[in-house]
Amino acid sequence: MTSKSENPDKGKLYLSPSFAIMASGTGTNALALIDHGIEIGRPPACLIVNREDSPLLKTGPERSIPTFYVPAKKTGIDEEFEKKVIEICKRYSVSTLFLAGFMKILGPNFLEYFKVDEHQGLFRVINIHPSLLPKYPGLGGYEKAYNEGDREFGHTLHLVNTGVDEGPILYQKIMKREDGDTLEDMMNRGKKEENLSYQKLLQYLTKEPLEYVIEDHSLFVKRVDLDQMTLINYGELYE
Ligand code: GRF
């Protein structure tokens with residue numbers, strides 16, 4: 001970022017009072033968000049799960065969170081599924097979505113509902129991914145870091161766009177691989193940190209907005225320092 005146009009389009013991205021969580025699997029991240037949300041007085045408006053065997057279908061209602069099982073096709077974009085989820089989001093006035101181990105690709109029509117600026121790929125949808133993106137998009141982040149012998153691994157919190165794990169990065173947790181670490185060790189340590197990071201991001205977003213700039217058709221989103229609970233500046237350009 002070396003040039004500066006006359007009128008960069010700067011914006012703040014607020015988490016609406018109402019957010020939803022969408023999950024597929026074990027649900028540790030979803031549960032971490034729910035429990036922290038309840039603790040800070042900002043529980044999710046609803047929880048949507050696309051797998052019948054997910055423990056969240058029990059733990060969500062136990063915490064009095066409106067919980068919906070919406071079946072989805074195993075592969076590809078499922079427009080029927082997406083329509084049903086949007087109906088639920090409308091019913092609960094949801095405008096921000098946290099994906100917590102949600103294992104499906106979301107189509108452009110779905111994302112449209114959460115759009116801030118669709119041309120720039122800016123949507124109110126947040127994902128947690130188990131690798132240091134852009135390394136290892138897709139499935140198996142921990143496995144890939146383990147098999148490659150990486151000395152560093154971790155996770156990424158990012159906004160979702162129409163690409164796969166390509167949206168603007170909000171935060172990355174870099175962790176050290178210890179000598180003798182098994183894949184299970186890395187996954188267990190990594191998952192605990194994922195849960196914490198997602199909770200901290202929720203806490204940050206309940207108080208402060210994200211900030212972005214669109215200049216010369218490029219989108220820049222400030223990263224969040226989750227230890228200091230502040231945004232990290234773009235550098236000299238957008239102070
Ligand atoms: C996590 O590793 C998350 O980063 C990835 O899927 C996994 C889900 O775990 N997107 P859980 O269901 O939240 O325990």
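**View 1. Leu56 sits buried, with 28 other C-beta atoms within 10 Å.** This is a predicted model, like everything in the views below. Leu56 belongs to helix 2, which covers residues 56–62. Setting aside neighbours within four places in sequence, you'll find Leu56 in contact with Ala23, Gly27, Ala30, Leu47, Val49 and Thr67. Take Thr67 from that list: along the chain Leu56 and Thr67 are eleven residues apart, and their C-alpha atoms are separated by 8.2 Å.

**View 2. Strand 3 runs parallel to strand 2 and has buried residues pointing both ways.** Four bridges hold the pair together on paper, joining strand 2 to strand 3. One pairing to look for is Ala20, whose bridge partner in strand 3 is Cys46. Cys46 and Ile48 point one way from the strand, while Leu47 and Val49 point the other way. Whichever way they point, all of these residues are buried. Two of them, Leu47 and Val49, are also contacts of Leu56 from the previous view.

**View 3. Helix 3 has a buried side and an exposed one.** The buried residues here are Glu82, Val85 and Cys89. They cover an arc of only 65° around the axis, so they fall on the same side of helix 3. Over on the other side, Glu80, Lys83, Glu87, Lys90 and Arg91 are exposed. The cover over the buried residues includes strand 2 (19–23), strand 3 (46–49) and helix 4 (108–112). As for length, helix 3 has 13 residues (79–91), and at 1.5 Å a residue these should span 18 Å; the end C-alpha atoms are 18 Å apart, which agrees. Just past the helix, Ser93 takes a positive phi of about 50°.

**View 4. The shell around the ligand is made of 14 residues.** The closest of them are Thr26, Thr28, Asn29, Gly101 and Pro130. Helix 1 (28–39), strand 8 (125–129) and helix 6 (183–207) each supply at least two residues of this shell. Helix 1 gives the most, with three residues. Sorted by class, the shell holds eight polar, four nonpolar and two charged residues.

**View 5. Helix 6 spans 36 Å and packs against several other elements.** This helix has 25 residues, and the distance from its first C-alpha to its last is close to the 36 Å expected at 1.5 Å a residue. Its buried residues are Met186, Gly190, Glu194, Asn195, Ser197, Tyr198, Leu201, Leu202, Tyr204 and Leu205. What do these buried residues pack against? The partners are helix 1, strand 8, helix 5 (141–147), strand 9 (152–159), strand 10 and strand 13 (224–225). Two of these partners, helix 1 and strand 8, also turn up in the shell around the ligand, as does helix 6 itself.

**View 6. Thr182 is an exposed loop residue.** You'll find it in the loop between strand 10 (169–176) and helix 6. Thr182 counts as exposed because it has 9 C-beta neighbours inside 10 Å. For a sense of scale, pick Arg63: Thr182 and Arg63 are 119 residues apart in sequence and 34 Å apart in space, C-alpha to C-alpha.

**View 7. The hairpin of strand 11 and strand 12 has two residues between the strands.** Strand 11 (residues 210–215) and strand 12 (residues 218–221) run antiparallel, joined by four bridges. Within the pair, Val213 stands opposite Phe220 in strand 12. The loop between the strands is where Asp216 lies. Asp216 isn't a glycine, yet it has a positive phi of about 50°. Is Asp216 buried or exposed? It's exposed, with 9 other C-beta atoms within 10 Å.

**View 8. Two more loops carry backbone details to look at, one at Asp165 and one at Pro134.** Most residues other than glycine have a negative phi, and most peptide bonds are trans. Asp165, in the loop between strand 9 and strand 10, has a positive phi near 55°. With 17 other C-beta atoms within 10 Å, Asp165 is partly exposed. Pro134 is in the loop between strand 8 and helix 5. The peptide bond from Leu133 to Pro134 is cis, with omega near 10°.

Technical notes: Residues numbered from 1 in each chain as written. Predicted model: local features only at pLDDT ≥ 70, side-chain atom pairs only at ≥ 80, totals over all residues. Near = placed C-beta within 6 Å. Nonpolar A, V, L, I, M, F, W, Y, C, P; charged D, E, K, R; others polar. Expected span 1.5 Å × (residues − 1). Buried ≥ 20, exposed ≤ 12 C-beta atoms within 10 Å, placed from the backbone. Arc of directions from axis to C-beta. Contact = placed C-beta atoms within 7 Å. Pairing = 2+ DSSP bridges.
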